[in-house]
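Colleague: Please take a close look at the ligand site, and then relate the helices that build it to the rest of the model.

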Amino acid sequence: MKHTLSVLVENKPGVLTRIAALFARRGFNIDSLAVGETEDPSLSRMTIAVDAQDSPLEQVTKQLHKLINVIKITDLDPATSVERELVLMKVKAGSETRAEIMQIVEVFRGKIVDVSPGAFVVEVTGNREKIDAMLKLVRPFGLLELVRTGRIAMGRGSAKL
Amino acid sequence: MNAARALLEALKREGVDTVFGFPGGTIIPIYDALYDFDIDNILVRHEQGAAHAADGYARASGKVGVCIATSGPGATNLVTGIANAYLDSVPMVAITGQVRSGLIGTDAFQEADISGITLPIVKHSYLVQRAEDLPAIIHEAFYIASTGRPGPVLVDIPSDLQLAEIDYDADRAQKLDLPGYKPTVKGHPKQIRTAALALAEAERPVIFAGGGVITANASEELRELALYAHIPVTTSLTGIGSFPEDHDLSLGMLGMHGTQYANYAITNCDLIFGIGVRFDDRVTGRLETFAPGATIVHVDIDPAEISKNVAVDIPIVGDAKRVLAGLLTEIKKHSPSPDRHLPWMEQVAAWKRAHPMTVRQDESEELLPEYVVQKIWEVTKGEAIICTEVGQNQMWAAQYYLVKHPRRFITSGGLGTMGFGFPAAIGAKLARPDLTVIDIAGDGSFQMTLQEMATAVNYGLNVKVCILNNQYLGMVRQWQELFWDKRYSATCMVCQPDFVKLAEAYGAEGYRATRPDEVEEVLRVALSSDAPAIIDFRVKREANVYPMVPAGGSIDQMLVGEDL
Ligand SMILES: Cc1ncc(C[n+]2csc(CCOP(=O)(O)OP(=O)(O)O)c2C)c(N)n1
């Protein structure tokens, strides 16, 4: 099962190491992890995407809670949250393929942020499905490089996590 | 004032009067401040000894134990002791020197990333980055180490920061800022009511008490509950002493080397009331056959323990003392009749009669280790603090020294650290100078930390080491005998020092007993002296610990040797 954990932590040195180490020790592979300051600069929020069974994940969540610098953990339900990822992709683009690639980028509301004789750098944001769908279309042209920020997510509505 | 001095002031405010440590380059500023400060440093002979002594001190006193070491090798020598305290949930603050802040990360002389190394074995750790934070960090460290589920906290301090002049505001330093740390101490009232009803209605109940009861100082409440509701009590290894083992309701220890009656009771009960325990694999054996028909109530302060190993029916997260007090009030409302579970109590009594833990020493035969333990119990009237090493000695001590009070059985349960008992005994003696302190040891384990005899003699600490000397790494040999075709690979240790002369070389007293009729006399003479001593009991070399549940087996399927 894919899970998206939103973890509120104190913005202190070593916190990321402690969290990553806990996942590693229990044999979990983190799909992606994104960290940044929150509205309160003394706090950071991590969005951790993992693929795990429910009961081992519950054990890790409990262990995470025990870390002194961890304040709150929420397992975000995809149905009631918004998730996004920013992706940069360098795509081979020759004179015959440029137009076609530009069209795809437009359909996915992406942006071409760099143009050079042999390639485009494309920026796109979206949820998992959208990114996957776009990658599938772009790959045949020659995907030279791919960089992803990892998922970030937020619950819908006015409630604050 | 410099930060080193402020650290000592903060320790003082935490009620510290004794620390265990060993100096070195990066911790000199703190030792310099200690030179004329009224906290005693017990100078050990190896940093592992400092950590174990702090551990023994903490378990015997209920206070936080403090150990100090220099950077690099000093800090890494603490690692075993920190892991030991972590696995047994012992409150400890370990203070280490670190290379100057500017040198961190450069592989400087005696640099080791001790906060990185200890990451998985501490409750929390600090690498101090600003000198002015140090006093507040010390208070946080003590608070974290001693509350919730206790554990070790490491404070690593670069040497230049120890020397920095800071503005020390004692009161401000004590204001804690820990937004992510709020242990649940009060059990959920509804869960407590549910558990009380289940206890009152159970037909075949057993209480299973662990180290958490001792940590929470909840033995009195446990006793009240057991006596009021008339329920037999078994304990884990670290729970020994949480309930008086000489009481009729005591079943002793359960699990791999538990009593037969405790294991039968657990297997056949309809309700386990587990408190301050973690259902460790040495206790449960094969999980599928562990207490198959039982409703499981589990009280623990650590939510991560609930349903970790066994599925729990009635979980209660909270402090053992508070939960037990609440439970007692609730169960009284049901006023369970004392004979509601008469057949069960008769069954338990029958198991006890049929499979007693008896010592069968023939006066003309070789000395049996369990006979020695029993004599130690008699001579000390069951009132001593018993520390143990690890292996057969530990199990015989657990089985045959019937502990009557909490904080009087100090053993490395989780990590199983050979060499723990002796330094722990030194710490325990400092915490409780009024009590007789004995380390029940194996010859192998004792040789791992015996250098601390110099510490004991140095400070006049009356600790008696009773070696059950079988000239084997006995417990491993026992496994090899039973499961590895008697291939005694690397377990025979006939080459050993003359322990009597060794004691004398350190300025302690040495004794030896080889025949059963010598045991009591030797113990009386040794215990009547104030000096630390080693007593070398030459026991039957291939004696085994029984009962025994083979690893991974069902706990009601025990090997019982020839006699039991
Ligand atoms: C530091 C450490 N190393 C190895 C072991 C594995 N081990 C467990 S019991 C044991 C034998 C202990 O021998 P001894 O102290 O002589 O006690 P006995 O079992 O003979 O009573 C060993 C080697 C351990 N528990 N701790």
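Modeller: Helices (H or I, at least four residues) and strands (E, at least two residues) are taken here as DSSP runs, numbered from the N terminus. The model is predicted, and local features need pLDDT of at least 70, side-chain atom pairs count only at pLDDT 80 or more, and totals for chains, interfaces and linings use all residues. Residues are numbered from 1 along each chain as its sequence is written, chains are lettered from A and ligands numbered from 1 in the order in which they are written, and side-chain values use heavy atoms, with hydrogens and water left out.

On these terms chain A has four helices and nine strands, which follow one another from the N terminus as β-α-β-β-α-β-β-α-β-β-α-β-β. The C-alpha trace of chain A spans about 55 × 30 × 30 Å along its principal axes.

The ligand site itself lies in chain B. The ligand is surrounded by 17 residues (a heavy atom within 4 Å), and Gln392(B), Gly416(B), Gly444(B), Ser445(B) and Gly474(B) are the closest. Three helices of chain B each supply at least two residues of this shell: helix 17 (392-400), helix 19 (443-449) and helix 21 (474-483). Helix 19 of chain B gives the largest share, with four residues. In character the shell comprises seven nonpolar residues (Ala, Val, Leu, Ile, Met, Phe, Trp, Tyr, Cys and Pro), one charged (Asp, Glu, Lys and Arg) and nine polar (the others, Gly among them).

Backbone atoms make polar contacts (N or O pairs within 3.5 Å) with the ligand. A polar backbone atom of Gln392(B), a residue of helix 17, is 2.8 Å from a ligand oxygen. For Tyr472(B), a polar backbone atom is 3.1 Å from an oxygen atom of the ligand, and for Asp443(B) a backbone N or O atom lies 3.5 Å from one. The protein covers 76% of the 590 Å² of accessible area (Shrake-Rupley method, 1.4 Å probe) that the ligand has on its own.

Helix 17 of chain B also packs against a neighbour, helix 16 (residues 369-379): their axes, lines fitted to C-alpha atoms over the stretch in contact, come within 9 Å and cross at roughly 50 degrees on a scale from 0 to 180 degrees between N-to-C directions. The two helices of chain B are therefore oblique, the class left once angles under 35 degrees count as roughly parallel, over 145 as roughly antiparallel and 65 to 115 as roughly perpendicular. In chain A, helix 1 (residues 15-25) and helix 2 (residues 54-66) pack at about 150 degrees with axes 10 Å apart, and are therefore roughly antiparallel to each other.

Two backbone features of chain B complete the account. A cis peptide bond, with omega of about -5 degrees, joins Tyr546(B) and Pro547(B), and Pro547(B) lies in the segment after strand 18 (533-538). Ala291(B), although not a glycine, has a positive phi of about 40 degrees; Ala291(B) sits in the loop between helix 13 (281-284) and strand 11 (295-300).

Conventions: A polar contact is a pair of N or O atoms within 3.5 Å; within protein, one must be able to donate a hydrogen and the other to accept it, and residues adjacent in sequence count only if both atoms are side-chain atoms.
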